[in-house]
Amino acid sequence: MPELLLPFLGVVAILTITPGPDTLLVVRNGLSAGVRGAWLTGLGCCLGISVHATAAVLGLTAILAASATAYTVVKLAGAAYLAYLGVRLLISTIMSGEEPPPE
């Protein structure tokens with residue numbers, strides 16, 4: 001048995017049981033929007049992981065790693081989408097007259 005196998009398994013076990021950002025997001029949305037919000041957030045996280053895993057299987061991850069142009073296009077598209085979501089949130093907050101959610 002390799003000498004580093006047990007320490008490796010220990011680190012893997014700790015990382016597996018440690019909640020990540022997805023878990024914290026589900027808990028936050030569950031507390032603010034109820035059970036339905038937690039379920040929808042969890043499903044959204046699973047969908048995102050599935051899309052990423054499918055892209056990796058199809059070799060798109062290797063293409064993005066090899067092509068700086070392709071990576072830049074995907075990065076800019078993601079930034080544009082996040083900006084769109086932010087602007088939409090600001091507009092809906094202004095229209096409803098509510099204060100923005102605390103960070």
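The following paragraphs describe the confidence, one bent helix and the largest pocket of a predicted model.

Residues are numbered from 1 along each chain as its sequence is written. In this predicted model, local features need pLDDT of at least 70, side-chain atom pairs count only at pLDDT 80 or more, and totals for chains, interfaces and linings use all residues. The chain has an average pLDDT (the predictor's confidence in each residue, from 0 to 100) of 89, and 94% of the residues score at least 70.

Helix H2 covers residues 21–57 (helices are DSSP runs of H or I with at least four residues, numbered from the N terminus). Although H2 has 37 residues, its end C-alpha atoms are only 24 Å apart, short of the 54 Å that a straight helix would reach at 1.5 Å a residue; this expected span is 1.5 Å times one less than the number of residues. At Ala33, H2 bends by about 145 degrees, the bend being the angle between axes fitted to the seven residues ending there and the seven starting there.

Gly37 also lies in H2. Gly37 counts as buried because its relative accessibility is 13%, where buried means under 20% relative accessible area with a 1.4 Å probe and protein chains only. The other buried residues of H2 are Asn29, Thr41 and Cys45. Between the C-alpha atoms of Gly37 and Val27, ten residues apart along the chain, the separation is 9.3 Å. Just after H2, Gly59 takes a positive phi of about 90 degrees.

Among the elements of the chain, helix H4 (residues 68–96) has the highest mean pLDDT, 93, and helix H3 (residues 60–66) the lowest, 87.

Methods. Heavy atoms only, no water. Helix = DSSP H or I, 4+ residues; strand = E, 2+ residues; numbered from the N terminus. Buried < 20%, exposed > 50% of the residue type's maximum accessible area, 1.4 Å probe, protein only.
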